[in-house]
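Got your viewer ready? Let's take a walk through this structure, one selection at a time.

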Amino acid sequence: MAIEVRIPTILRTYTGGEKSVEGSGATLDELFSDLDARHGGLRDRLVDDVGLRRFVNVYLNDEDVRFIGGLGAPVHDGDTITVLPAVAGGGR
Amino acid sequence: MRYDSLLDSLGGTPLVGLPRLSPGPEVRLWAKLEDRNPTGSVKDRAALYMVRAAEKDGLLTPGATILEPTSGNTGISLAMVARLRGYQLICVMPENTSAERRQLLEAYGAQIISSPAAGGSNEAVRIAKDLAARNPGWVMLYQYGNPANALAHYETTGPELLADLPEITHFVAGLGTTGTLMGAGRYLREHRPGVQIVAAEPRYGELVYGLRNIDEGFVPELYDADVLTRRFSVSAPDALRRTRQLLESEGLFAGISSGGVLHAALGLAERAQRAGDRADIAMIIADAGWKYLSTGAYAGTLEEAEARLEGQLWA
């Protein structure tokens, strides 16, 4: 089983510079734990004791997971997870 | 239609059907044309409301200086309102925004302070907050946290939508300051239970997300996730493709953020169609494509346009 997880620049110190890593799990929560086994410390940057960290946005197939189950969101083979820091963006 | 002055013509924008892009008679897409505002964008609503609120609160006095972190439309709207109501305007904006925006701001008489491209609008906001603290006489209306921004949409955009489309099932708009979605979203949820409020958030190139640490992130103070039903992240390539589709299929010359909104709307439409549900999906066309022509988004192949947009704040 392979789920692609895209990592923002700021967190690539945990992945040896890799912009994308693979993992497995039935839910996002399990996936993050799985990643943490190979990239120690990564989970802690994404999740605190309440849930997803405030300034971290996680998208499952381009949809913000907070609206589709959060950490409990089911994930499947072939899904893509994108992690991005919350930013003001542009254009306003 | 006749108005006493330009500002009086604000709002009341048309809602046009998109028959060629709509999957079928039961699932219809609608576009609210916010480029039909005094300076050509949805921001005119928020700008006027924020200025009027500040005047009412006694924060803005004749000749006062307004400061705002803005990479475009809000600055342009504020520049127009400031000009007409006798205020000075200073905009803090990232250096990598399109030439047309800067030229228009300067033509209205606004001053521009450039912030570094890396770190995008986070950096512009930080610099503006710092300047505001060091210049207490200046007034920062602060679109990202000013309730008058969302109120503009609660009082105008939302009611207009419901009046034109009482059968609305979905409302889709770009997510930036979050004012449009929070204001119109709240209004629609109050008056049309079950309506879905859907955000289309632009996804930029890596440079824009280059923070020093993850706790340096930014969430607009206006944002209340409870108002949204779903939130999508749309890449520049998808937004571009859809912007061109709007032009080619419906003759609508829209800005690139509108392509992002269409991308999300089409996903919703497809879902409704598959489920056999009726849907009336209204989307915000925040502005027209004029300010984006120099980005090369409308010329050449899609691949060439994508390459040109990389690193730019395209929405």
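**Stop 1: chain B as a whole**

Select chain B and show it as a cartoon: there are nine helices and ten strands. Helices (H or I, at least four residues) and strands (E, at least two) are DSSP runs, numbered from the N terminus. Before you go on, know that this is a predicted model: local features need pLDDT of at least 70, side-chain atom pairs count only at pLDDT 80 or more, and totals for chains, interfaces and linings use all residues. As for labels, residues are numbered from 1 along each chain as its sequence is written, while chains are lettered from A and ligands numbered from 1 in the order in which they are written.

Now spin chain B around: along its principal axes the C-alpha trace spans about 60 × 40 × 40 Å. Chain B has a radius of gyration of 19 Å, which agrees with the value near 20 Å for a compact globule of 315 residues. (That radius is taken over C-alpha atoms, and the globule rule is 2.2 Å times the number of residues to the power 0.38.)

How much of chain B is buried? Of its 315 residues, 55% count as such. A residue is buried if 20 or more other C-beta atoms lie within 10 Å of its own, exposed if 12 or fewer, and partly exposed in between, with C-beta atoms placed from the backbone.

**Stop 2: helix α3 of chain B**

Select residues 99-108 of chain B, which form helix α3, and show R101(B), L104(B) and L105(B): these are buried. They cover an arc of only 100° around the axis, so they sit on the same side of α3(B). (The arc is that of the directions from the helix axis to the C-beta atoms.) Here's the handy bit of theory: an α-helix has 3.6 residues a turn, so residues three or four places apart point the same way.

Flip to the other side of α3(B) and you'll meet A99(B), Q103(B) and A107(B), which are exposed. Want to see what covers the buried residues? Add α2, β4 (88-94) and β5 (111-115) of chain B, which are among the covering elements. Then step just past the end of α3(B) to G109(B), which takes a positive phi of about 100°.

**Stop 3: α2 against α3**

Keep α3(B) on screen and look at α2(B): the two helices pack at an angle of about 10°, with their axes 9 Å apart. That makes α2(B) roughly parallel to α3(B). Axes are lines fitted to C-alpha atoms, for helices over the stretch in contact, and angles run from 0 to 180 degrees between N-to-C directions. Angles under 35 degrees count as roughly parallel, over 145 as roughly antiparallel, 65 to 115 as roughly perpendicular and the rest as oblique.

Which residues meet here? From α2(B) come G75(B), I76(B), A79(B), M80(B) and R83(B), and from α3(B) come R101(B), L104(B), L105(B) and Y108(B). By class, this contact has six nonpolar, one polar and two charged residues. Ala, Val, Leu, Ile, Met, Phe, Trp, Tyr, Cys and Pro count as nonpolar, Asp, Glu, Lys and Arg as charged, and the others, Gly among them, as polar.

**Stop 4: a residue in strand β10**

Jump to I281(B), in strand β10 (residues 279-285) of chain B. I281(B) is buried, with 26 other C-beta atoms within 10 Å. Now select T169(B) too: I281(B) and T169(B) are 112 residues apart in sequence, yet 6.0 Å apart in space, C-alpha to C-alpha. Leaving aside neighbours within four places in sequence, I281(B) has contacts including W30(B), H170(B) and L268(B). Two residues are in contact if their C-beta atoms, placed from the backbone, lie within 7 Å.

**Stop 5: where the chains meet**

Show both chains: 38 residues of chain B are in contact with 23 residues of chain A. On the chain B side, α2 (73-85), α4 (120-134) and β9 (230-235) each supply at least two residues. That side has 16 nonpolar, 18 polar and four charged residues.

**Stop 6: chain A**

Finally, select chain A, with its two helices and five strands. From the N terminus on, the elements run β-β-α-α-β-β-β. Of the 92 residues of chain A, 37% count as buried.

Zoom in on the loop between β3 (56-60) and β4 (63-64) of chain A to find N61(A). Phi of N61(A) is near 50°, a positive value in a residue other than glycine. D62(A) is found in the loop between β3 and β4 too, and has a positive phi of about 70° although it is not a glycine.
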